Amino acid sequence: DSVFNQTPLSGIVIPTSLSGLANTTFKDSPNLTGLDFSLCSSLTGIGNENFMNCDSITGIVLPNSLQVIGNSNFKDSNLIEEVTFPTSLEYMGDENFRNCSGLAFVDLSNSSLIEMGSRNFIEDTNTKTIFAMNLPDSLQIIGDENFKEINLNTLKLPTGFKVLGDS
């Protein structure tokens, strides 16, 4: 945990052998600009708060092997514009993109997401606009308040979802 927490790193070469991220690995690293995990074919899970408050991150590429994203991983990282979600993703915890005011397009349609936790796209201070959000047909559970305080222009709901939260 907290290996590079609060460091001035602006970039990092991520080894292909990486198999997991515990918690708070890069939390509060204000100079970190981009994350490309595409070559990490053994990375199946990301713990909690790993990139929280990383104000310079603009894009994230997650590996095709990733199945689980924990909680609050990209929370309060305001410059994130785009995230590439893998087809293998099955579970997303809570508050992962909370207060990411730069995030304008969310496409999960090619993922295998079954459950999305709560408050993933909520905005606390300003009203955020997400122009399009595509959810996969595999999604069965959508937690509370995922879309609270955002202007959502287009949302494609999955055909087979079973549990829909409060907001």
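**Strand pairing, core and loops in a predicted model**

G45 stands opposite V68 in strand 5. This pair is a convenient way into the architecture of the structure, which is a predicted model. The contact between the two strands is parallel: strand 3 and strand 5, the latter covering residues 68-69, are paired over two bridges. G45 also has a counterpart in another strand, since G45 is the bridge partner of G20. Strand 1 and strand 3 (residues 45-48) run parallel and are joined by three bridges.

These pairings belong to an open sheet of seven strands, arranged in the order 1-3-5-7-9-12-15 with parallel pairing. At its edges stand strand 1 (20-23) and strand 15 (163-164), each of which pairs on one side only. As general background, the strands of a sheet pair through backbone hydrogen bonds, in either a parallel or an antiparallel arrangement.

A further open sheet is built from three strands in the order 2-4-6, and here too the pairing is parallel. Strand 2 (34-36) and strand 6 (82-84) each have a single partner strand, so one side of each is left without a neighbour in the sheet. Direction ignored, neighbouring strands of this three-stranded sheet are turned by 5° against each other on average. Strand 2 is joined to strand 4 (residues 59-61) by three bridges, and the two run parallel. Within strand 4, V61 is the residue that stands opposite D36.

Turning to the interior, the largest nonpolar core comprises 38 residues. The residues with the most contacts inside this core are F37, F51, L62, F85, F97, L108 and F121. A grouping of this kind fits a general tendency: in soluble globular proteins, nonpolar side chains tend to be buried together. F97 gives a closer view of such surroundings. With neighbours within four places in sequence left aside, F97 is in contact with F74, V83, F85, M92, L103, N120, F121, I122 and K128. Two of these partners, F85 and F121, are themselves listed with F97 among the residues with the most contacts inside the core.

The residues that follow F97 also merit a look. R98 lies in the loop between strand 7 and strand 8 (105-107). Is R98 buried or exposed? R98 counts as buried because its relative accessibility is 14%, under the 20% cut-off. Not counting residues up to four places away in sequence, R98 touches K75, D76, R119, N120, I122 and D124.

N99 is found in the loop between strand 7 and strand 8 as well. At 9% relative accessibility, N99 counts as buried. Its contacts, with neighbours within four places in sequence again left aside, are D76, S77, N78, I122, E123, D124 and T125. D76, I122 and D124 therefore appear in the contact lists of both R98 and N99, given that contact means heavy atoms within 4.5 Å. Although N99 and D124 are 25 residues apart in sequence, their C-alpha atoms are 6.3 Å apart in space.

The cysteines can be considered next. Why does the structure hold zero disulfides? For C40, the closest cysteine sulfur is that of C54, 16 Å away and therefore too far for a bond. For C54, the closest cysteine sulfur is in C100, at 10 Å, which is likewise too far for a bond. A disulfide would require the sulfur atoms to be within 2.5 Å. Both cysteines count as buried, C40 at 1% relative accessibility and C54 at 0%.

Two loop residues draw attention through their backbone geometry. In general, most residues other than glycine have a negative phi. E49, however, has a positive phi, near 55°. E49 sits in the loop between strand 3 and strand 4, and with a relative accessible area of 26% E49 is partly exposed. E145 likewise has a positive phi near 55°. The place of E145 is the loop between strand 12 (141-142) and strand 13 (150-152), and at 23% relative accessibility E145 counts as partly exposed.

Finally, a word on confidence. The mean pLDDT of the protein is 87, with 96% of residues reaching 70 or more. Confidence is highest in strand 7 (residues 91-92), at 98, and lowest in strand 10 (residues 128-130), at a mean of 77.

Note on methods. Residues are numbered from 1 along each chain as its sequence is written. This is a predicted model: local features need pLDDT of at least 70, side-chain atom pairs count only at pLDDT 80 or more; totals for chains, interfaces and linings use all residues. Side-chain values use heavy atoms; hydrogens and water are left out. Two strands pair if DSSP finds at least two bridges between them. Helices (H or I, at least four residues) and strands (E, at least two) are DSSP runs, numbered from the N terminus. Buried means under 20% relative accessible area, exposed over 50%, partly exposed in between (1.4 Å probe, protein chains only). pLDDT is the predictor's confidence in each residue, from 0 to 100. Axes are lines fitted to C-alpha atoms, for helices over the stretch in contact, and angles run from 0 to 180 degrees between N-to-C directions. A nonpolar core is a set of buried Ala, Val, Leu, Ile, Met, Phe, Trp, Tyr and Cys residues joined through side-chain atoms within 4.5 Å.
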